[in-house]
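Good morning, and thank you for making time for this item on the agenda. Please have the sequence and the model open in front of you while I speak.

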Amino acid sequence: MMVYIHLLAIGTYAKLLYSAVQSESSEMNIFGNTVANRPYLWRLIVLFLLMTQLLGCRDDSQDELVTKPAPWWSTQEPDARVGMDEFYGADCAITRVSSHNGDPAAEVIFKVPYQLLSSCKESGTEALVFDGEYLIFSICHMRIGAGSCVNSRFRTADFVHWQEEIGITWIKGEQYEAWRRLGSTSTKADAVKKIIKRQ
């Protein structure tokens, strides 16, 4: 819009300048070199330069009116909250949304490791939960062609270091969840958690 206003102003100025030059035409010789003509010549040069600059401008006011699409997580309730951060589980990944100076920033903090010949999906309606100590992500690996589902669970306490559940172990006649550091090939558990049966 500002470009059109400037062009309109230049057009008006050019019209007035042309009228002034016409009124002084009686003082010009055939080569246009009289003193009376030279000031108008400089004004015409300046006018030409202004027009070339403005024609190269772009009106960005319309860009400001374009609304950016809302991020996918903004229309959903978070699966878990830890402090001021919100966590969303989708597409076998965990996204953390943190607010910095009022502006939310999203970051994918975990992706389920790929397994050959299988697809991945969240397991159940509470696939991502926070138990007060760990953020736990439950997923299901669907074997291609077999139709069976293999459940897997991953957890973290600091959102950086992750563990995967490798089964159940017995200690003094009681059941414990066995957890191993993600990426480790050891058959031994790195941590255990007692299973408390709900009454």
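Let me begin with a definition: a disulfide is counted here as a pair of cysteine sulfur atoms within 2.5 Å. I should also say at once that this is a predicted model.

By that rule the count is 2 disulfides. One of them joins cysteine 92 to cysteine 120, with an S to S distance of 1.8 Å. Since 1.8 Å falls within the 2.5 Å cut-off, the pair qualifies. The link of cysteine 92 and cysteine 120 is left-handed, with -100° about the S-S bond. The two cysteines come from distant parts of the chain, 28 residues apart: cysteine 92 sits in the loop between strand E2 (85-90) and strand E3 (93-100), and cysteine 120 belongs to strand E5 (residues 118-122).

How do the two ends fare in accessibility? Cysteine 92 counts as buried, at 7% relative accessibility, whereas cysteine 120 is partly exposed, at 31%. Cysteine 92 deserves a further remark on its backbone. Most residues other than glycine have a negative phi. The phi of cysteine 92, however, is positive, near 60°.

The other disulfide is formed by cysteine 140 and cysteine 149, whose sulfur atoms are 1.6 Å apart. Here too a buried residue is paired with a partly exposed one: cysteine 140 has 2% relative accessibility and counts as buried, while cysteine 149 has 39% and counts as partly exposed. If the bonded cysteines of the protein are numbered in sequence order, the pairing reads 1-2, 3-4.

A positive phi is also found at lysine 172, with a value of about 55°, although this residue is not a glycine. Lysine 172 lies in the loop between E9 and strand E10 (174-181). Is lysine 172 buried or exposed? At 85% relative accessibility, lysine 172 counts as exposed.

I turn now to the interior. The largest nonpolar core has 16 residues, and those that touch the most other members are Phe87, Ile94, Ile109, Phe110, Val112, Leu135 and Phe137. At least two residues of this core come from each of strand E1 (80-82), strand E4 (103-111) and strand E7 (135-143). Which strand gives the most to the core? That is E7, with 3 residues. To look at one member in detail, leaving aside residues up to four places away in sequence, phenylalanine 87 is in contact with Pro78, Asp79, Ala80, Val82, Ile94, Thr95, Arg96, Ile109, Leu128, Leu135 and Phe159.

A charged residue is buried as well. Glutamate 164, placed in strand E9 (residues 162-171), has a relative accessible area of 18%. Glutamate 164 is classed as buried because that 18% is under the 20% limit. Beyond residues up to four places away in sequence, glutamate 164 touches Arg153, Phe154, Ala178, Trp179, Arg180, Leu182, Gly183 and Ser184.

Next, the salt bridges. Side chains of opposite charge can pair when their charged atoms come close. How many salt bridges does a search of the whole structure find? The search finds 8, and I shall describe three of them.

Arginine 96 and glutamate 107 meet through their side chains at 3.7 Å, N to O. This pair links distant parts of the chain, 11 residues apart, with arginine 96 in strand E3 and glutamate 107 in strand E4. Arginine 96 is buried, at 19% relative accessibility, and glutamate 107 is partly exposed, at 44%.

Glutamate 165 forms a salt bridge with arginine 153, where the closest N and O atoms are 2.8 Å apart. Glutamate 165 lies in strand E9 and arginine 153 in strand E8 (residues 149-156), so the bridge ties together parts that are 12 residues apart in sequence. Both partners are partly exposed, glutamate 165 at 24% and arginine 153 at 23%.

The third bridge joins arginine 81 and glutamate 77, at 3.8 Å from N to O. Glutamate 77 is exposed, with 63% relative accessibility. These two residues also belong to a network of salt bridges that links Glu77, Arg81 and Glu86.

I close with the surface. Tyr114, Leu116, Leu117 and Ile144 make a nonpolar surface patch of about 530 Å². Within this patch, leucine 117 is found in the loop between E4 and E5, and at 56% relative accessibility leucine 117 counts as exposed.

Notes
Residues are numbered from 1 along each chain as its sequence is written. This is a predicted model: local features need pLDDT of at least 70, side-chain atom pairs count only at pLDDT 80 or more; totals for chains, interfaces and linings use all residues. Side-chain values use heavy atoms; hydrogens and water are left out. Helices (H or I, at least four residues) and strands (E, at least two) are DSSP runs, numbered from the N terminus. Buried means under 20% relative accessible area, exposed over 50%, partly exposed in between (1.4 Å probe, protein chains only). Contact means heavy atoms within 4.5 Å. A nonpolar core is a set of buried Ala, Val, Leu, Ile, Met, Phe, Trp, Tyr and Cys residues joined through side-chain atoms within 4.5 Å. Patches are made of residues with over 30% relative accessible area and no salt bridge: like charges are joined within 9 Å, nonpolar side chains (Val, Leu, Ile, Met, Phe, Trp, Tyr) within 5 Å. Accessible areas come from the Shrake-Rupley method with a 1.4 Å probe; for residues, only the protein chains shown count as cover. A salt bridge is a side-chain nitrogen of Lys or Arg within 4 Å of a carboxyl oxygen of Asp or Glu.
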